[in-house]
Amino acid sequence: QITTLINHKDKPKRSDKTLQAIQRVGQAVNLAVGRFVTVGEAIANENHELKEEMSVACIEARRAGETIAQLTDVASLDHPESDSHITIFTDKTGVVKAARLLLSSVTKVLVLADRIVIKQIITSRNKVLATMEQLEKVSSFQEFVQIFSQFGNEMVEFAHLTGDRQNDLKDEKKKARMAASRAVLEKCTMMLLTASKTCLRHPDCESARINKDGVFHRMRLALEQVIEIVTDSRPNGENEMAPISIYSGIKEFKNKVEGLRENLYFLSKENLSTMLEVILEHTEDFTDSAYTSHEHREHILELSKQAKMELEQLVSVWMQAQNQKTKDLMEDLEVAILKTCQCMNELKREVHSAATSLAADLLKYHTDHMVLKALKITGVEGNLEAVAEYTCKLSEQKEQLVEMCRLLRHVSGTEPLEITCIHAEDTFQVTGPQIISAAETLALHPSSKIAKENLEVFCEAWESQLSDMSLLLREINDVFEGRRGEKRVYLSLPRPGKHNANLKALKPVKLDTEEQAKIAKLGLELHLLTSDVDSETEKWEDQENEIVQHGQGMSSMAYSMYLFTRGEGLLKTTQDLFHQAEIFATEGTKLASALHALSDQVHDDNKPLLLLEAEKLISMCKQLQITAKASTQGKSATFTKVDACILKTRNVMTLLCQLLPLCCKLLRK
């Protein structure tokens, strides 16, 4: 709205219609500021330590909003009634000053509100830590049950606050780290319950104590990481130095090499040589790995040698071109650039193939969970010798899976997927020994129901991580093949109810196999439509265009909803799906606004058609939002709602497929 006011064209004369439009915008700004400030003042009243600062910022914002409304008020302009054109216009410098004041005071309110949110998360974390300390020291079942009930409520509050924060994060890397930490806390809450109960039941058992201590330690690390992300800090002021992956190394190296076309002097040959050395050092993770096939190892070594030779040739031509820019030398340089980049692409393809084929083989081999089943059986039998034998096998399996995660990280293609690989590696690294200590406890106390339940919980975490790896592998392949690209993916999970909601109210619901089968056709249609929308958006020259951005966002969300119909992806429960449908509908409404803005530039027969389609889109998005927000009870009603949400999302995507080519054509015109 402010941009509209500031950018209005200075014409010597303006009609009543134009002035009224400016007045409407001025009033809209003032009303919006009023609503915004009301929220700010409410926050100030609840947080006394920041009340004064917040109140001052709110007063400044309100004053600036009122100034803008006054300066755009037609009634205050002195103009003769008979003249339909106005010659005296709004004080533009005054509007600019007021707009600047408004933006700075609104920013202050946002920063102060943000400080309050961070403080709430830290306070919530401190409560959780204090209760965890009590849980660690407790010695009776009755006391444990009482404190764990309080701990459960505190964890729900912490999950809500951090979930909201995760949704608000703009940095995809931080968002992925937050999602990983929250996943650890969610899984560890159940582990903490069974591990603590096992320890209370068998207080003299060393393996039970080791098992419990491992859970508490992991939860503390995850809580600490959440605070690091929220406060944007590292302990002891250290910087986070994530190791560079082969993919990102190759990408940066190629950018530098291709930059030589524009500028022969912007970097040194030593700089390029060092970059290649770092990449080739990382390929040793593949060539030194016991799990890399002989064929892949040979190819990687061959390509590494070739890359060094291509760079030597490139440097030689480049140095000559710096001394004399002849046509022949520049052509030779172009050939050397192309050959170097082609070699790096082949190396990238080879390491990708090595990592993904290893992952596919390992995941296929371990899907039967034979070692876990054997540990459960031998544990209940109290067969310590057999348990020791199978724990050795599990340790071997853990080493294989950890190595798989390390190699996949090198070829993941995006930072969020890299972080997911690191999280998976940590999970296998930690869960393996915890399963072993839980199995040893059961073998020592074979008739203990709680020890048996505890082992089940840790085995489920392992199986769940293996299942997640299959999805991760698919996403890595999608990025490599350019199917999903570096598109922004909506990782947002629901923020249900208020912060004091109890655990019972948040019971998640998944689709069972029968329901998945019923909805499969609809899901597949949705998948095909996301492919159509993706291919349409790729045709646009301007990928930063607002219409393209909204279209890509909607396609990405629809793809997540399709994955949900298969029991895969980031949307784990029906509640997640309904929340995603709401965000999808909101994005659709934003797209409709962008279409209205485009229609202002269209002055032929297509304008009514475009406006009609935009109205249709708004109507469909409203219907989807109503469906997604409607409350349901019972399994059958929930499935009907899921079906309706997917159907309405499909209808919106069908309309989107028609809209994108039309908009592209109009913009070209």
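Here is a walk through a few helices of this structure, which is a predicted model.

Let's start with a single helix, H6, which runs over residues 172–201. H6 has 30 residues, and from its first C-alpha to its last it reaches 44 Å. That is close to the 44 Å expected at 1.5 Å a residue. Still, H6 does have a bend in it: at Cys188 it turns by about 30°. If you look at the N-terminal end of H6, you'll find Asp171 acting as a cap. One of the side-chain oxygens of Asp171 sits 2.8 Å from the backbone nitrogen of Lys173.

Now move along to H14, residues 415–444, and see how it sits against H15, residues 449–480. The two pack at an angle of about 160°, and their axes are 9 Å apart. Angles over 145 degrees count as roughly antiparallel, so H14 and H15 are roughly antiparallel to each other. The way H14 passes H15 is a left-handed crossing. What sort of residues make up the contact of H14 with H15? They divide into 19 nonpolar, 9 polar and 2 charged.

H14 has another partner to look at, namely H7, which covers residues 206–231. Here the axes of H7 and H14 come within 8 Å, and they cross at roughly 155°. That angle makes H7 roughly antiparallel to H14. Once again you can check the handedness by eye: H7 passes H14 in a left-handed crossing.

Finally, skip ahead to H19 and H20, which span residues 606–629 and residues 635–668. How far apart are the axes of H19 and H20? They are 10 Å apart, and the two helices pack at an angle of about 160°. That makes H19 roughly antiparallel to H20. Their crossing is left-handed. In the contact of H19 with H20, the residues split into 14 nonpolar, 6 polar and 5 charged.

A handy thing to keep in mind as you turn these helices on screen: an α-helix has 3.6 residues a turn, so residues three or four places apart point the same way.

Definitions and conventions: Residues are numbered from 1 along each chain as its sequence is written. This is a predicted model: local features need pLDDT of at least 70, side-chain atom pairs count only at pLDDT 80 or more; totals for chains, interfaces and linings use all residues. Side-chain values use heavy atoms; hydrogens and water are left out. Axes are lines fitted to C-alpha atoms, for helices over the stretch in contact, and angles run from 0 to 180 degrees between N-to-C directions. Helices (H or I, at least four residues) and strands (E, at least two) are DSSP runs, numbered from the N terminus. Angles under 35 degrees count as roughly parallel, over 145 as roughly antiparallel, 65 to 115 as roughly perpendicular and the rest as oblique. A crossing is left-handed if the near helix is turned anticlockwise from the far one by less than a right angle, and right-handed if clockwise. Ala, Val, Leu, Ile, Met, Phe, Trp, Tyr, Cys and Pro count as nonpolar, Asp, Glu, Lys and Arg as charged, and the others, Gly among them, as polar. The expected span of a helix is 1.5 Å times one less than its number of residues. The bend at a residue is the angle between axes fitted to the seven residues ending there and the seven starting there. A polar contact is a pair of N or O atoms within 3.5 Å; within protein, one must be able to donate a hydrogen and the other to accept it, and residues adjacent in sequence count only if both atoms are side-chain atoms.
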